[in-house]
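The exercises below are to be worked through with the sequence and the three-dimensional structure side by side. Each task sentence is followed by a solution that proceeds step by step.

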Amino acid sequence: MCFAGPPPARLKAKVVVHAGPVYRKLRSTVENTPVPLGIYEPGRLRAGRREPPFTKTRLRGHGAEGTLRLLSNDVQPSSAQHVPITFILSGARSMHTLRLACGAIGVASLLAAAPAFAQSATGPIKIGLMLPYSGTFAALGNAIENGFRLHVQEQGGKLGGREVQYFKVDDESDPSKATDNVNKLIKRDNVDVLVGTVHSGVALAMAKAAKDNNTLLIIPNAGADAITGPMCGPNIIRTSFSNWQPGYAMGVVAGQRGVKRAMTLTWNYAAGAESVKGFAEGLEKSGGKVIKELNLPFPNVEFQALLTEIAAQKPDAVYSFFAGGGAVKFVKDYAAAGLNKTIPLYGPGFLTDGTLEAQGAAAQGMLTTLHYADNLDTPRNNTFRKNYALAYKAQPDVYAVQGYDAAQVLAAGLKAVNGDLSKRDQLSAAMRKVTVDSPRGKFTISPAGNPVQDIFLREVKGNNNEFRSVAVKALSDPARGCRL
Ligand code: BEZ
């Protein structure tokens with residue numbers, strides 16, 4: 001619980017209570033008096049109406065203790081059970097944790113209990129890391145967290161002059177669990193900032209929750225085009241890429257290399273589909289086209305039948321989006337089938353980033369497009385790689401860079417408001433204005449909240465994705481549908 005400064009005289013509170021299948025929203029205005037605090041005016045019930053309270057709560061914080069009574073005919077208390085509910089007084093610079101004694105309120109209601117946001121100027125900043133720590137993208141999640149923490153450590157463990165406190169959720173790259181997972185961070189842990197995630201489908205749910213709850217969201221990987229397209233918002237910013245960006249650049253490169261008939265093979269979800277769309281758009285610029293799109297469900301790795309089909313069709317090239325453990329298996333299977341000798345395999349850099357030790361000979365010589373290359377010989381990248389290796393005894397990859405830059409963008413925003421998260425408009429605006437001095441090279445953020453950045457053509461040599469050329473300079477996502 002944190003509280004800074006005296007509360008304003010009049011506070012608005014929004015409480016959502018679920019009780020079994022019945023739920024009811026109570027919007028109340030709370031008069032903040034000294035001690036005892038509390039007394040409300042339920043939104044849909046008339047003020048002053050005397051109805052039996054279904055629950056009593058103790059409001060704690062800033063030295064005051066008071067009782068808040070919530071009235072509802074819809075909610076039946078049963079056996080007493082204490083459930084902490086975060087009750088946010090908007091307009092206040094504080095969050096107060098309430099304990100509701102109400103048997104019918106369980107975890108679901110806890111997650112549905114409704115904070116708007118109210119954020120403080122002092123105390124630790126609460127960062128909610130929602131990342132995959134298990135499954136095919138686990139290594140990506142860990143690299144992002146490492147990168148984020150590295151920048152924070154380089155700032156003496158503080159951002160905007162404030163300590164940092166981490167809250168973590170393993171999202172398992174499972175969109176069906178995404179809303180519950182993000183609500184654990186927003187409503188249970190009351191994080192100030194959400195950072196996540198890797199998987200586009202999960203990130204779409206995070207973006208919706210961030211919008212619904214007006215929570216600041218920084219996306220350190222997931223490229224779902226819609227997040228900086230129709231779903232764009234001032235509180236959402238990405239430090240990675242849109243799925244369209246590296247796909248489009250690879251299409252341009254493939255066209256320059258004479259590809260006329262390409263096939264695509266990817267996981268069947270937003271990232272794969274959008275990456276392929278970008279590739280087709282880039283390729284069509286030079287008259288090439290995608291003759292057949294193949295796919296399989298995420299995170300399946302049974303590629304054999306699809307590789308047989310590619311062998312039969314004999315396209316000029318194959319373009320594939322896979323990442324993490326799935327990319328390791330795919331690149332090895334492609335080579336084991338002998339296809340890499342006759343049909344070049346292209347992709348966004350995720351196909352070979354953070355995977356090369358496991359892919360070994362199968363990946364050598366592969367060309368991919370991405371906004372990072374391991375051997376960028378700049379002081380910024382060299383220092384980053386040295387510090388990362390020292391801290392984690394491992395080499396960084398693009399995911400680590402994106403996590404690092406997520407912390408950099410947040411740090412820049414917080415600096416602009418002296419760590420005062422209640423200055424949200426200024427904070428969001430400052431985060432968009434920053435020119436990020438990234439290990440990938442400097443980049444800016446578009447009005448839609450997506451990096452405007454160079455996309456490199458890279459070639460696999462040993463365990464590195466080495467820079468070959470700039471495929472497309474300062475590429476900006478088209479941000480179709482964004483109205484910012
Ligand atoms: C995505 O789902 O957006 C994604 C996952 C892994 C790497 C790149 C993109």
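**Exercise 1. The largest pocket**

Determine how much space lies in the largest pocket of this predicted model, and describe which residues and elements line the largest pocket.

Solution. Begin with the volume: the space in the largest pocket comes to about 420 Å³. Next, turn to the lining, which consists of 23 residues, and note that Gly354, Glu357, Gln395, Pro396 and Asp397 are those that lie nearest the centre of the pocket. Then assign the lining to secondary structure: at least two residues each are supplied by the helices α2 (138-154), α9 (356-359) and α10 (379-392) and by the strand β21 (464-475). Among the contributors, α2 provides the largest share, with 5 residues. Finally, sort the lining by class, which gives 9 nonpolar, 9 polar and 5 charged residues.

**Exercise 2. The surroundings of the ligand**

Identify the residues that come nearest to the ligand, and work out which polar atoms of Val198, Ser200 and Tyr269 face its oxygen atoms.

Solution. First, list the surroundings: 15 residues lie around the ligand, and Val198, Ser200, Gly223, Tyr269 and Ala271 come nearest. Second, examine the polar contacts one at a time. Val198 takes part through a polar backbone atom, placed 3.3 Å from an oxygen atom of the ligand. Ser200 contributes through its side chain, where an N or O atom is 2.6 Å from an oxygen atom of the ligand. For Tyr269, a polar atom of the side chain likewise lies 2.6 Å from a ligand oxygen atom. Third, consider burial: the ligand taken alone exposes 260 Å², and the protein buries 100% of that area. As a last step, classify the shell around the ligand, which divides into 10 nonpolar and 5 polar residues, with no charged residue.

**Exercise 3. Two residues compared**

Decide whether Lys442 is buried or exposed, do the same for Phe322, and place each residue in its structural context.

Solution. Start with Lys442, which is found in strand β19, spanning residues 441-445. Lys442 counts as exposed because its relative accessibility is 62%, and the cut-off for that class is over 50%. Its C-alpha atom is separated by 9.4 Å from that of Val452, which is 10 residues away along the chain.

Continue with Phe322, which sits in the loop between β15 (317-321) and α8 (324-336). Phe322 has a relative accessibility of 0% and therefore counts as buried, since that class requires a value under 20%. To complete the picture, the C-alpha atoms of Phe322 and Phe350 are 6.5 Å apart, although 28 residues separate the two along the chain.

Key:
Residues numbered from 1 in each chain as written. Predicted model: local features only at pLDDT ≥ 70, side-chain atom pairs only at ≥ 80, totals over all residues. Heavy atoms only, no water. 1 Å grid on protein atoms, 1.4 Å probe; cavity = no way out; pocket = protein on both sides within 12 Å on 5 of 7 lines; lining within 4 Å. Points joined across faces, edges and corners; volume = space filled by probe spheres on them. Helix = DSSP H or I, 4+ residues; strand = E, 2+ residues; numbered from the N terminus. Nonpolar A, V, L, I, M, F, W, Y, C, P; charged D, E, K, R; others polar. Polar contact = N/O pair within 3.5 Å; in protein donor to acceptor, adjacent residues only side chain to side chain. Areas by Shrake-Rupley, 256 points an atom, 1.4 Å probe, with all protein chains shown as cover. Buried < 20%, exposed > 50% of the residue type's maximum accessible area, 1.4 Å probe, protein only.
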